[in-house]
Amino acid sequence: MSASLEKLMEEGRRAVLRPLPEASTLPPAFYTSPEIFEAERTRVFRRNWVSVGRASEIPKAGDRFRIDIAGEPLLIVRGRDGEVRALSAVCRHRWMLLGEGAESSATISCPYHKWTYALDGSLMGAPLMEKAEGFDRAECALPSFPCEVWNGFVFVNLSGDAVPLAQSLAPLAEEFVPWKMDEMEIVGRIELDQTYNWKVLTDNFMEAYHHFAIHPETFEPDYPAAISYCDPAEGPYAVLRMPHKDNELSHPLFKPLDGIPEFARRGFSVFNIYPSMLMAVLSDSVIWYRMEIAGIDRFKLTVYLLAHPASTDVPDAETLKHFLREATVAVHMEDLPACEGVQKGLQSGVVRAGRLSHLEGAIHAHQKWLVGELERP
Ligand code: FES
Ligand SMILES: [Fe+2]
């Protein structure tokens with residue numbers, strides 16, 4: 001670790017490694033320093049499980065989609081054996097990107113010189129290579145990365161040494177059982193290019209303190225800031241609960257499945273599965289914010305709206321799905337000026353770590369985890 005990074009880490013430890021009533025946010029440099037961003041790429045995003053999509057997006061053998069994790073180009077492919085794999089999306093010949101805009105196909109073909117790979121990444125064909133001495137196709141397979149499907153979400157771990165998801169997320173899996181998320185369908189998908197640091201969004205998503213200011217009409221009347229609270233989490237994630245005011249029932253759009261617990265029908269919860277998987281779990285649906293981080297101040301945000309087919313089996317389902325999409329965009333448009341304003345504020349020459357409210361425990365928990373990960377050998 002360089003001396004300047006070590007100094008930043010020391011400032012970070014001093015700000016966050018203390019009880020919430022005494023804690024501050026991470027110093028602003030954690031949102032703006034290229035050195036921190038590089039450390040996040042290598043130490044946080046490469047070493048942990050990162051959610052990349054829904055298994056239902058690639059239902060058949062040969063279906064695929066492209067995504068980057070921490071700048072690593074990946075092709076997520078369904079194999080002939082039905083397995084979902086995370087392959088390197090970089091050709092073994094001269095590094096052309098594979099799978100850009102690819103439709104489903106029985107092979108993976110490089111657009112540059114047509115080397116062709118099987119769905120498990122092995123090289124099948126390489127035209128006009130017969131004069132290359134000792135050319136061994138077996139040495140030219142696309143590297144693959146550990147890939148797991150958990151509750152229907154596809155996760156990838158680039159370093160290959162993360163603890164299995166089923167183990168690290170066991171307490172969460174137990175809470176999620178009644179939602180049957182692995183059977184949920186995508187009822188909406190919204191793509192947005194965002195121009196601020198990814199942690200500005202995780203911070204925003206994981207506190208309801210701003211409800212009375214930013215969402216005075218959408219959230220505050222039913223889910224007031226003051227009664228939100230952060231549950232202590234037993235794994236690599238944070239949980240924020242937003243009870244309905246006066247403990248009333250929330251108004252679901254669709255039909256909640258049998259077995260959804262009472263507390264989830266009288267409010268909703270949001271989760272940050274570290275590093276950055278943001279989910280709002282409602283009684284009848286799940287809203288997932290997938291971030292594809294492209295730089296220190298930009299990422300592609302894909303908002304997935306998920307619901308179980310039994311929940312959406314209601315009259316007027318299409319109208320309700322449309323309403324859910326509109327409402328989700330409307331709420332994000334309320335948050336957006338705050339996120340962009342924070343990003344601008346972070347560039348100030350006099351900015352410093354800010355003190356946290358008791359309502360910001362989930363931010364505090366995430367930032368403590370982040371400091372730990374940045375320093376983990
Ligand atoms: S770069 Fe892929 S075949 Fe040449
Ligand atoms: Fe918000």
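The domain assignment divides this predicted model into two parts, with domain 1 built from residues 3-47 + 180-375 and domain 2 from residues 50-156. Domain 1 is thus written as two stretches of sequence, whereas a single range describes domain 2. Taken over C-alpha atoms, the centres of domain 1 and domain 2 lie 31 Å apart. The two domains do meet: 16 residues of domain 1 are in contact with 19 residues of domain 2.

A step back to the whole chain helps to place these domains. The protein contains 10 helices and 17 strands. Its C-alpha trace extends over about 75 × 60 × 35 Å along the principal axes. For 377 residues, a compact globule would be expected to have a radius of gyration near 21 Å, and the 22 Å found for the protein agrees with that expectation. Sequence-distant partners feature strongly in the contacts: of those between residues at least 6 apart in sequence, 64% join residues at least 24 apart.

The surface can be described in a similar way. Of the 377 residues, 50% count as buried. The protein exposes about 17300 Å², and carbon and sulfur atoms supply 54% of that area. As for charge, there are 38 positive and 53 negative charges, and their mean positions are 5 Å apart.

Two residues give a closer view of the fold, beginning with Leu-301. This residue belongs to strand β17, which covers residues 298-307. Its relative accessibility is 0%, below the 20% cut-off, so Leu-301 counts as buried. Neighbours within four places in sequence aside, Leu-301 touches Ile-190, Glu-191, Leu-192, Gln-194, Leu-201, Tyr-289, Arg-290, Met-291 and His-332. One of these partners, Ile-190, is 111 residues away along the chain, yet the C-alpha atoms of Leu-301 and Ile-190 are separated by 8.1 Å.

Cys-230 offers a second example. This residue sits in strand β12, made up of residues 229-231. Cys-230 counts as partly exposed because its relative accessibility is 30%, which falls between the limits of 20% and 50%. Beyond residues up to four places away in sequence, Cys-230 contacts Val-239, Leu-240, Gly-361 and Ala-362. Ala-213 is 17 residues from Cys-230 along the chain, and 20 Å separate the C-alpha atoms of this pair.

Technical notes
Residues are numbered from 1 along each chain as its sequence is written. Chains are lettered from A and ligands numbered from 1 in the order in which they are written. This is a predicted model: local features need pLDDT of at least 70, side-chain atom pairs count only at pLDDT 80 or more; totals for chains, interfaces and linings use all residues. Side-chain values use heavy atoms; hydrogens and water are left out. Helices (H or I, at least four residues) and strands (E, at least two) are DSSP runs, numbered from the N terminus. The radius of gyration is taken over C-alpha atoms; the globule rule is 2.2 Å times the number of residues to the power 0.38. Buried means under 20% relative accessible area, exposed over 50%, partly exposed in between (1.4 Å probe, protein chains only). Contact means heavy atoms within 4.5 Å. Accessible areas come from the Shrake-Rupley method with a 1.4 Å probe; for residues, only the protein chains shown count as cover. Lys and Arg count as positive and Asp and Glu as negative; His and the chain ends are not counted. The place of a charge is taken as NZ of Lys, CZ of Arg, CG of Asp or CD of Glu. Domain bounds come from an automatic or database domain assignment.
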